[in-house]
Amino acid sequence: MLRRARRDEQGSLVLALAVLMILTTLALAVLARSIGGLAEARRTQDGAAALAAADAGLSDAVVHIGLDSTSDTSGSGTLRAAGFQWSAHRVDPAHFAVTSIGTAGAVVRTVAATMSRPSPFAYALFSDQDVVVDGGSVAIGSGPVGSNHALTVPSSSAGSRQDWFSPAGSCSGCPAGNRGIGPWRLALPDTPAGALPCPNGGTLTGVVPRGEYTCGSVTFQGAVTLEPGTEPLVLHLTGDVVLDGANVNAAGAASDIRVFAAGSGVWMAGGGGATTFVGAIDAPSARLVLGDAAVDVSGAVTVGSIAARPGSHSFSHDDALDDVDAGGWSVADWHQLANS
């Protein structure tokens, strides 16, 4: 009986040890899985933190570019326990290419974006409707040309870039075409409360005083220059712009004259003969009517549509206008880059 009891106890002990080993193995497997899950969760958290830090770098870049947009720049900083480093390359006065790297723990995330700011004077010539750049009735001497509808370029006088915007835009023959998300349209700025009454009843000729004015329609006649000074001539119109045969600001800078017109017409080179204009016109609802005589514009013109008679009509952009009346910098074309 005693031997039999001992054999039973030995069998029970072996069984208990076997069960204990199985339970220990299961516990170790669960523990290993839990540790692996914690590590993966930690990496996921670090990835999210690194991406947030990279985005914070873009926001930091917006601030620095807003303070100085004249050259390439870079910076760094922290977001909680994560860090970021960014670099910005100045593409042109209205665009920066920015890369930002966020780091959290051992995880790195990199994002890239374009910083841009809107300007009503971004194009040598822009029309909400069709544009035909044929080198004759319409030629772009320098700078970009754009349209929210059909842009047709049967000649080489098409400027540095041809932009057309969705959903109605298209391009035919564009040598340096660029499709954008659109439509591209900017609202006219509000007339400031302190704007002065229109000088000389809206007929501008000879030497014109600088300042900001509110007018109905404006007619430029003969040779028009600005009085000495650094302040621009800014005109807020409820009506049209007429420049038939005028020679406006020929020796000045394009940023010296800025015309914002809510009327239906911009008239150039009609019966008054050849027209020269150095300045900027933003008339998004107007029809630009180009007559038989030559037109030479240096600056920027934005209109709703164009009606051009055969002639020699040339439009050239002044890049300095990209900094005029531009809005704040914003992030566009954001995308995440692969990290090794």
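Student: Leaving aside its neighbours within four places in sequence, which residues is Ala 139 in contact with?

Tutor: In this predicted model, Ala 139 is in contact with Val 133, Ser 157, His 313, Ser 314 and Phe 315. Ala 139 itself has its place in strand 7, residues 139-142.

Student: Why is Ala 139 called buried?

Tutor: Its relative accessibility is 11%. Buried means under 20%, so Ala 139 counts as buried.

Student: How far apart are Ala 139 and Leu 15 in space?

Tutor: They are 97 Å apart, C-alpha to C-alpha, and 124 residues apart in sequence. For the chain as a whole, the C-alpha trace spans about 135 × 40 × 30 Å along its principal axes.

Student: How do you know what the radius of gyration says about the chain?

Tutor: Set it against the globule rule. A compact globule of 340 residues would have a value near 20 Å, but the chain has 33 Å.

Student: What makes up the secondary structure of the chain?

Tutor: One helix and 25 strands. Helix 1 covers residues 2-67, and Leu 26 is found there. Leu 26 also helps to make a nonpolar surface patch of about 490 Å², together with Leu 15, Val 19, Ile 22 and Leu 23.

Student: Why is the pair Arg 161 and Asp 163 called a salt bridge?

Tutor: A salt bridge needs a side-chain nitrogen of Lys or Arg within 4 Å of a carboxyl oxygen of Asp or Glu. Here the N to O distance is 2.8 Å, so the pair meets the definition. On exposure, Arg 161 is partly exposed at 30% relative accessibility, while Asp 163 is buried at 2%.

Student: What about Asp 256 and Arg 210: what does their salt bridge tie together?

Tutor: Their closest N and O atoms are 3.8 Å apart, and the cut-off is 4 Å, so this pair counts as a salt bridge too. Asp 256 lies in the loop between strand 19 and strand 20, and Arg 210 in the loop between strand 14 and strand 15, so the pair ties together parts that are 46 residues apart in sequence.

Student: Are those two residues buried or exposed?

Tutor: The limit for buried is under 20%. Asp 256 has 16% and therefore counts as buried; Arg 210 has 13% and is therefore buried as well.

Student: How many salt bridges does a search of the whole structure find?

Tutor: Four. One of them joins the side chains of Asp 292 and Arg 309, at 2.7 Å, N to O. Asp 292 is partly exposed, with a relative accessible area of 49%, and Arg 309 is partly exposed, with 48%. Exposed would need over 50%.

Student: What makes strand 2 and strand 3 a pair?

Tutor: Two strands pair if there are at least two bridges between them. Strand 2 and strand 3 have nine, in the antiparallel sense, so they qualify. In strand 3, the bridge partner of Gly 83 is Thr 103. Strand 3 is also joined to strand 4 by 10 bridges, again antiparallel.

Student: And why are strand 6 and strand 11 said to stand at the edges?

Tutor: Three strands form an open sheet in the order 6-9-11, with parallel pairing. Strand 6 and strand 11 each have a single partner strand, so one side of each is left without a neighbour in the sheet. Strand 6 is joined to strand 9 by two bridges, and Val 132 stands opposite Thr 152 in strand 9.

Methods. Residues numbered from 1 in each chain as written. Predicted model: local features only at pLDDT ≥ 70, side-chain atom pairs only at ≥ 80, totals over all residues. Heavy atoms only, no water. Patch = residues over 30% accessible without salt bridge, like charges linked within 9 Å, V, L, I, M, F, W, Y side chains within 5 Å. Areas by Shrake-Rupley, 256 points an atom, 1.4 Å probe, with all protein chains shown as cover. Helix = DSSP H or I, 4+ residues; strand = E, 2+ residues; numbered from the N terminus. Rg over C-alpha atoms; globule rule 2.2 N^0.38 Å. Buried < 20%, exposed > 50% of the residue type's maximum accessible area, 1.4 Å probe, protein only. Contact = heavy atoms within 4.5 Å.
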